[in-house]
Amino acid sequence: MAGTLPAEGVGRRTLRSETLLVLALSLGASGVSALISFIGSVTKPGGLKDQAATLNSSYAPGRPWLDLAWQLFGIATALVPVALVAHLLIREGAGLRAIGFDLRRPWSDLGRGVLVAAGIGSAGLAFYLAARAAGANLTVVPEALPEVWWKYPVLILSAVQNSVVEEVIVVGYLLRRLDQLGWSPWAALAASSVLRGSYHLYQGIGGFIGNMVMGVVFVLLYRRWGRVGPLVVAHALLDIVAFVGYALLAGRVGWLPTA
């Protein structure tokens with residue numbers, strides 16, 4: 001986790017370029033996309049809460065097998081930047097073990113992840129409802145998939161994919177590289193947290209602020225534990241509850257906003 005020396009022959013300029021390229025291929029690009037989407041939302045007539053941000057939707061309505069193929073393809077290709085990060089860390093002589101993404105402490109990672117998810121989940125939902133009521137957030141629709149047999153497995157896979165990509169890249173990899181580049185811990189925390197908030201900006205100001213705060217918490221926990229494993233577990237549980245919970249409760253309870 002700490003600022004270990006880069007691999008022999010890899011200079012700071014190379015590490016800086018490498019980091020920018022990884023972000024440009026993944027969540028940095030998502031941040032730019034979210035900003036453009038947010039500008040479109042705030043310049044559109046009507047309030048933000050009257051607009052919807054849909055997370056998991058059909059790629060081929062009415063054609064379930066083709067839709068499933070597209071869903072699995074999207075999940076798999078989203079993980080390619082994680083494979084790139086693994087390659088770069090192996091080249092460094094470290095591997096994903098250096099950021100704590102391995103199976104050395106499965107029960108510890110699971111237990112810590114469950115506790116973090118329990119602590120953040122209720123607070124996050126309350127903040128989202130308050131932000132939407134204040135007109136600072138779009139109505140988030142976690143899923144809009146057809147009622148087919150693969151719906152819930154795909155939602156769970158999507159949640160796991162989100163958690164792996166975000167925690168490996170935005171916490172483990174980015175903090176390691178910023179440490180190696182000489183950034184102070186507080187500057188690295190700010191960069192990681194703002195980046196996390198940026199690619200949620202498509203949800204509105206509430207999505208940006210809420211995820212930025214979550215980013216601060218996750219960075220502090222990573223610094224303390226030296227592992228992204230618990231953060232991946234926590235993030236996956238949060239998204240699974242959001243995706244599957246929405247699928248089960250939307251339209252059946254009055255407190256859950258729907259599009």
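Me: What covers the buried residues of helix 8?

Reply: The cover includes helix 5, helix 6, helix 7 (185-198) and helix 9, going by contact (heavy atoms within 4.5 Å). Helices here are DSSP runs of H or I with at least four residues, strands are runs of E with at least two, and both are numbered from the N terminus. Before we go on: this is a predicted model, where local features need pLDDT of at least 70 and side-chain atom pairs count only at pLDDT 80 or more, while totals for chains, interfaces and linings use all residues. Residues are numbered from 1 along each chain as its sequence is written, and side-chain values use heavy atoms, leaving out hydrogens and water.

Me: Which residues of helix 8 are buried?

Reply: Here's the roll call: Gly-206, Gly-207, Asn-211, Met-214, Gly-215, Phe-218, Val-219, Leu-221, Tyr-222 and Trp-225.

Me: What makes Gly-215 count as buried?

Reply: Its relative accessibility is 1%, and buried means under 20% relative accessible area, with exposed over 50% and partly exposed in between (1.4 Å probe, protein chains only). So Gly-215 is buried. Setting aside neighbours within four places in sequence, Gly-215 touches Ser-193 and Arg-196.

Me: How do you know the length of helix 8 is close to what's expected?

Reply: Helix 8 (residues 205-225) has 21 residues and spans 30 Å from first C-alpha to last. The expected span is 1.5 Å times one less than the number of residues, which comes to 30 Å for helix 8, so the two are close. Just past the end of helix 8, Gly-226 has a positive phi of about 75°.

Me: Why is Ala-190 called partly exposed?

Reply: Ala-190, in helix 7, has a relative accessible area of 37%, so it's partly exposed. Its C-alpha is 7.6 Å from that of Val-216, although 26 residues separate them along the chain.

Me: And what makes Glu-92 buried?

Reply: A relative accessibility of 12%, so Glu-92 counts as buried. You'll find Glu-92 in the loop between helix 4 (80-91) and helix 5 (106-133).

Me: How do you know that the side chains of Glu-92 and Arg-176 make a polar contact?

Reply: They come to 2.7 Å. A polar contact is a pair of N or O atoms within 3.5 Å; within protein, one must be able to donate a hydrogen and the other to accept it, and residues adjacent in sequence count only if both atoms are side-chain atoms. So the pair qualifies. The Glu-92 side chain also makes a polar contact of 2.6 Å with the side chain of Arg-177.

Me: Why is Tyr-173 called buried?

Reply: Tyr-173 sits in helix 6, and its relative accessible area is 1%, so buried it is. Not counting residues up to four places away in sequence, Tyr-173 touches several others, including Glu-18, Val-85 and Ile-99. Between the C-alpha atoms of Tyr-173 and Ala-86 there are 9.2 Å, with the two 87 residues apart along the chain.

Me: What makes Asn-56 buried?

Reply: Its relative accessible area is 8%, so Asn-56 is buried. Asn-56 lies in the loop between strand 1 (52-54) and helix 3 (64-78). The side chains of Asn-56 and Ser-158 share a polar contact of 2.9 Å. Among the residues Asn-56 touches are Pro-142, Leu-155 and Phe-243.
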